[in-house]
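Colleague: Could you take a close look at one strand in this model for me? I'd like to hear what surrounds that strand and how the chain gets in and out of it.

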Amino acid sequence: MRTRLKICCISSLDEARLAIRLGADALGLVGEMPSGPGVVGDTVAAQIVQITPPPIATFMLTSQTTVDGIMAHQKRVGANTIQLVDAVPAEAYQQLHQALPAVKLVQVIHVLDQANIDEALLAVHNGADALLLDSGNPTLAVKELGGTGRVHNWLISRRIVELSPVPVFLAGGLHPSNAREAVDTVRPFGLDICSGVRTNGRLDEHKLTAFITALAG
Ligand SMILES: O=C(O)c1ccccc1NCC(=O)[C@H](O)[C@H](O)COP(=O)(O)O
């Protein structure tokens, strides 16, 4: 099965068009975060959603943890997928599904240790439609919720993929030189990439092409 590709931290219409032209399956639009380089304003994010054709998915990344906060963010952006980068209450998934039946929920799990395996399976049990395994650290005083450029323990991620009944994306420190190894080790449904295909903060066509080529090989 082809490994899907989500290009994250899309910061402009031009970056969106480039990612779409090169074959992205999904675009990531990073909302307000406690830390990290990839944030895009809600107005531009909403414009990117408008120009993105099907079947390409638009993932709105939110650090909101209340149903009201998440819904208000979704209303401003209009994406078809919500990526929850922080933990939310167990009941939030069903409440969001009821309020936004056409919108899919992707739960980020920041892989730090074996306990994240149970955390991942619980999120699926509670209603997550997919998982995204990343390298942040929500326990810090200023939370890291993504965009770290760091690789985590892929063997834990591999175990989550083996146990998960829903698709799992792998993120964190991916770049053209480790993309193939990541797929072979973890066997995810898709890869998610931000800093590894950027130069001076901008989406870099050459790096993205190299990443896609590595993935295909
Ligand atoms: O990029 C950010 O600033 C960011 C901050 C907080 C949450 C998510 C963020 N980025 C979006 C992503 O999901 C990244 O694609 C993912 O964390 C991988 O990033 P990288 O390690 O740089 O490829």
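Modeller: Here's a walk around strand S4, followed by a few backbone oddities elsewhere. Keep in mind that this is a predicted model.

S4 covers residues 81–84, and both of its faces are covered. Thr 81 and Gln 83 sit on one side, Ile 82 and Leu 84 on the other, and all four are buried.

Now for the neighbours. Strand S3 (residues 57–62) runs parallel to S4, joined to it by four bridges, and in this pairing Thr 62 is across from Leu 84. Strand S5 (residues 104–110) also pairs with S4 in the parallel sense, again over four bridges; here Ile 82 faces Leu 105.

How does the chain get from strand to strand? Helix H3 (residues 67–77) goes with S3 and S4 in a right-handed β-α-β unit. On the way out, S4, helix H4 (residues 92–99) and S5 build a right-handed β-α-β unit too.

As for the oddities, the loop between helix H2 (42–51) and S3 holds Pro 55, which is linked to Pro 54 by a cis peptide bond with omega about 10 degrees. Most peptide bonds are trans, and most residues other than glycine have a negative phi. Cys 9, not a glycine, has a positive phi of about 60 degrees; this residue lies in the loop between strand S1 (4–7) and helix H1 (13–21). Cys 9 counts as buried because 25 C-beta neighbours fall inside 10 Å, and the cut-off is 20 or more. Asn 200 has a positive phi as well, near 50 degrees, but is exposed, with 5 other C-beta atoms within 10 Å.

Methods: Residues are numbered from 1 along each chain as its sequence is written. This is a predicted model: local features need pLDDT of at least 70, side-chain atom pairs count only at pLDDT 80 or more; totals for chains, interfaces and linings use all residues. A residue is buried if 20 or more other C-beta atoms lie within 10 Å of its own, exposed if 12 or fewer, and partly exposed in between; C-beta atoms are placed from the backbone. Helices (H or I, at least four residues) and strands (E, at least two) are DSSP runs, numbered from the N terminus. Two strands pair if DSSP finds at least two bridges between them. A crossover is right-handed if, with the strands pointing away from the viewer, the path from the first strand over the helix to the second runs clockwise.
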